[in-house]
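Biologist: I'm new to this one, so let's go through it together. Could you put it up and start with the pockets?

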Amino acid sequence: MKESRDALVGVVIVAALLLIGFGTLWLQGVSLTGERVDIEAVFERVGQIQPGSDVKLRGVRIGRVRSVEVEPDGELVRLVLRIDGEVTLPEGAVVVLSPESMFGDWQAEIQPPGVYPAQRFSQPREEGTLPGYSLPDISELTAAADDISENLGILTERVGIAFSDETARNIASLIENVEEVTERLSELVSQQATSFTDVTDEVTRATRSIGQAAEDARISFGRIDDLLAREELGETLDDLAVVSANLRELSGEFRETNTEVRQMAARMDTTFASLSRITSELEAGEGTLGRLLQDPTMAAELESTVIELNLLLADIRENPRRYLRLSIF
Amino acid sequence: MIWRAGAALKEVDVWLGLTLRQMTKIGVDSVPIALFIAMFTGIVLALQASYTFTGAIPLYFVGVLVGKTMMLELGPVLTGLALAGRVGANISAELGTMKVTEQIDALETMAYPPVAYLVVPRILAGIIMFPIVTALAIGMGIGAGWLTALQLLDMSTYEFMHGLTLFFLPFDVFFAMIKATSFGFMVTSIGCFYGFQTRGGAEGVGRSTTQAVVISSMVILVLDAFWAVTLL
């Protein structure tokens, strides 16, 4: 009886001690299986983080905050994070402390670098310690909101002062003007809509044409590809070489002909200059022919002379002996 | 009384064998009532927490409330009060009866040191077993709260455990054990004191028993406040 009573006491005590021991370890998140490693991070301030808070990587809990201690110089706060040893942290990882909810529970989240580029992370003095940054907690946000609210109140008060009857009339006038401008803009838009439709149609047509041209070009390129692929191309190139040689020869001949033509032109220039000079003398009435052309009297005389010559010739034909006497001896 | 008990600690051969028996009476025999109280306390806590948290506060705070309340307050205090009624009354009545029937005088006559023989085993048993019973009660209360959350509040185990671990500190367990130890010491000391002070037969035994329970309960609440002020 006594032995069973003693055993019962022992069982109760052992059960209670096991409950206390394992319960405490479990609630602390201490893993009794698997490797755990400690990493450290430094912060300017840590909000409401405390030992036991979650440590997360990409939203998944990988450990807990083990300790929170102010550095001896009082400049920084050092956190020791106990995490799963099998987890590989991102290169250059940083630690961000943030509220997990609005009720005071905070978490330490390990992030890749660059997630919060605008924030100034506390830089550790030694290697192996991660930089850290703490987001503002709800009290700081509330204080900031309070400042904003106060500024809004001042602004509202000033607007109230500035908003006189005259201001109201001006604003009413401004609104009317805006309405008018809006109507005009509406009309303009209606007008431009038609033009825009036309332009759109033309653009559509042009696009189609471009498309068709592209199609033709594609076909042409296809044909060129075919042509390039054929064996006749060599012969064609040979013919082209012959044609090119002929053209080169013809060009030489052209060059010679051109020289001759150039000489002929020079001679013609000389001839035309002589003709021009003669024409000028004729117009000036110089010389016999000029006088003949310019003097009507002389023309008349010449005409009468011709007539008389004709009469003389007629008379010579009729009466040759009167004018010609042939004697051989 | 306390001073005399401290002085009697040197008589180890007298109290050592009796302490285990008192541990059974004070501790093991008190486990059922302590677990019963803790179980219903855990259930009520979970239900009241969910009733209170309806709306903006997430439901996993049920786990926070059940865990923190059971560890820091209700576990030690309710167990202490229950054991004050059961153990304190038992000690006071037993020693009071021995006193009025002059059994204690007989012990002295036979050269048995009454304090080492009667008081020290009870106080030591109270100091050892009160934290043990309190730890089991806390575990029962949290377990009952968890089952209530699962079955009646449509919460998941993860939600409840997340809340339970959210603000947990090892100091919470230390705080509960400190309180339970102090309660054990005071309840047994007061029971022994009033038992030894019993006068006037059966009526005196009843009176001293009542006084022991009442004073023990009051001291528990005063100590509860004292530890809260000094340790939290």
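Modeller: Sure. The lining of the largest pocket has 15 nonpolar residues, four polar and no charged ones. This is a predicted model, where local features need pLDDT of at least 70 and side-chain atom pairs count only at pLDDT 80 or more, while totals for chains, interfaces and linings use all residues. Residues are numbered from 1 along each chain, chains are lettered from A in the order written, and side-chain values use heavy atoms without hydrogens or water.

Biologist: What makes a residue of that lining nonpolar, polar or charged?

Modeller: Ala, Val, Leu, Ile, Met, Phe, Trp, Tyr, Cys and Pro count as nonpolar, Asp, Glu, Lys and Arg as charged, and the others, Gly among them, as polar. L19(A), L27(A) and I142(B), among those nearest the centre of the largest pocket, therefore go under nonpolar.

Biologist: And what is the class mix in the second largest pocket?

Modeller: Seven nonpolar, three polar and four charged residues line the second largest pocket. Among the residues closest to its centre are R64(A) and R66(A), and Arg is on the charged list.

Biologist: Why is the contact of E126(A) with R78(A) called a salt bridge?

Modeller: A salt bridge needs a side-chain nitrogen of Lys or Arg within 4 Å of a carboxyl oxygen of Asp or Glu. In E126(A) and R78(A), the closest N and O atoms are 2.8 Å apart, so the pair fits.

Biologist: What does that pair tie together?

Modeller: E126(A) lies in the loop between strand 6 and strand 7 of chain A and R78(A) in strand 4 of chain A, so parts 48 residues apart in sequence are tied together.

Biologist: How do you know whether R78(A) is buried or exposed?

Modeller: Buried means under 20% relative accessible area, exposed over 50%, and partly exposed in between (1.4 Å probe, protein chains only). R78(A) has 15% relative accessibility, so it counts as buried. E126(A), with 33%, is partly exposed.

Biologist: How does R125(A) compare with that cut-off, and what is its salt-bridge partner?

Modeller: At 55% relative accessibility, R125(A) counts as exposed. R125(A) forms a salt bridge with E71(A), with the closest N and O atoms 3.8 Å apart. E71(A), at 14%, counts as buried.

Biologist: What puts E215(A) and R218(A) about one helical turn apart?

Modeller: They are three residues apart in helix 3 (residues 165-229) of chain A, which means about one helical turn. Their side chains meet in a salt bridge at 2.5 Å, N to O.

Technical notes
On a 1 Å grid over the protein atoms alone, a cavity is a set of points where a 1.4 Å probe fits but cannot get out, and a pocket is an open set with protein on both sides within 12 Å along at least five of seven lines; lining residues have an atom within 4 Å of a point. Helices (H or I, at least four residues) and strands (E, at least two) are DSSP runs, numbered from the N terminus.
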